[in-house]
There are 2 protein chains.
Amino acid sequence: MSDLDGNWALDKRLRDDTIFLWEDELRTVLLMNDKRWPWVIIVPKISGAEELSDLGVDRLACEMQVSSRIGDHLKAFTACAKINTAAIGNMVRQLHIHVIARSPGDANWPGPVWGFGEREEYIGAEGQTLAAQLSKELVKE
Amino acid sequence: MSDLDGNWALDKRLRDDTIFLWEDELRTVLLMNDKRWPWVIIVPKISGAEELSDLGVDRLACEMQVSSRIGDHLKAFTACAKINTAAIGNMVRQLHIHVIARSPGDANWPGPVWGFGEREEYIGAEGQTLAAQLSKELVKE
């Protein structure tokens, strides 16, 4: 598994359901286009990876560190009560890591976000505006 | 945060809802007492830790590697289709990592396990028997 995987391409459903945040050679970072929760998705660029163990030891440490940092920034930015982090992939098998800001009173608190109701897209420019703010926040060191 | 945290104690709800699998100085590993899914929970022994980022860089890498290995063993043992890995903690704040074997046709496939229906405890010795098998499998290198 190369870190610069020429065969990797973003899954169509992940692309269709999200707003692009940023990418580098190792990963693409997306904002779920669902205004019910501030919800970031990290997609390591490794073709064929489905389980966290497919990342290998070093890359797993790296991607989890990125996810953890994004969680911290998302928590600071949204003032949420809890970060939910998960690699599920029952529907979209391409390995992706969810990092979601959760708070009492949100659409399904304290239940999970996955499989709850229907996605509610951001309206007009609000998704792009949030994506721009998040991109700036999330890459802060 | 010490690796040998004398102040750490397992959350009461985690203890009540699970069957003990094994522990070492760094973590306790539990089997959710819910026969709907083979479901392991890793609890790092760090008092006050709630978010993955509370683990720090090295310990996060370590605990995710343990989770990843447990996922591989659980997948081999159960022949499941997908491993779901998550740190949620909306209800129990003590940091714990879920590693769950999922397959088409299970109780809520492809939806999440959290918040779905009621926990169904193992009957008689079947929980302890599975726990004994899993403990043996999961510590294999």
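**Exercise 1. Work out how much surface chain A exposes in this predicted model, and what share carbon and sulfur supply.**

Solution. Start with the total: chain A exposes about 6,200 Å². Then split by atom type: carbon and sulfur atoms supply 51% of that area. Now turn inward, taking buried as under 20% relative accessible area. On that cut-off, 53% of the 141 residues of chain A count as buried.

**Exercise 2. Describe the fold of chain A and decide how compact the chain is.**

Solution. Count the elements to begin with: there are 3 helices and 5 strands in chain A. Next, put them in sequence order, and you get α-β-β-β-α-β-β-α. Then check the radius of gyration: it comes out at 14 Å for chain A, close to the 14 Å that the globule rule gives for 141 residues, so the chain is as compact as a globular protein of that length. For the overall extent, the C-alpha trace of chain A spans about 40 × 35 × 30 Å along its principal axes. Last, look at the contacts with a separation of 6 or more: 59% of them in chain A come from residues 24 or more positions apart.

**Exercise 3. Find how far apart the mean positions of the positive and negative charges of chain A lie.**

Solution. Tally the charges: chain A has 16 positive and 22 negative ones. Take the mean position of each set, and the two turn out to be 4 Å apart.

**Exercise 4. Size up the interface between chain B and chain A.**

Solution. Count residues: 30 of chain B are in contact with 30 of chain A. Then take the area: about 2,700 Å² is buried between the two chains, with 55% given by carbon and sulfur atoms. Finally, pick out the top three on the chain B side: B:E51, B:K82 and B:N90 supply 23% of the area that chain B buries against chain A, more than any other three residues.

Definitions and conventions:
Residues numbered from 1 in each chain as written. Chains lettered and ligands numbered in written order. Predicted model: local features only at pLDDT ≥ 70, side-chain atom pairs only at ≥ 80, totals over all residues. Heavy atoms only, no water. Helix = DSSP H or I, 4+ residues; strand = E, 2+ residues; numbered from the N terminus. Rg over C-alpha atoms; globule rule 2.2 N^0.38 Å. Buried < 20%, exposed > 50% of the residue type's maximum accessible area, 1.4 Å probe, protein only. Contact = heavy atoms within 4.5 Å. Areas by Shrake-Rupley, 256 points an atom, 1.4 Å probe, with all protein chains shown as cover. Lys, Arg positive; Asp, Glu negative; His and termini not counted. Charge placed at Lys NZ, Arg CZ, Asp CG, Glu CD. Buried area = accessible area lost by both parts, 1.4 Å probe.
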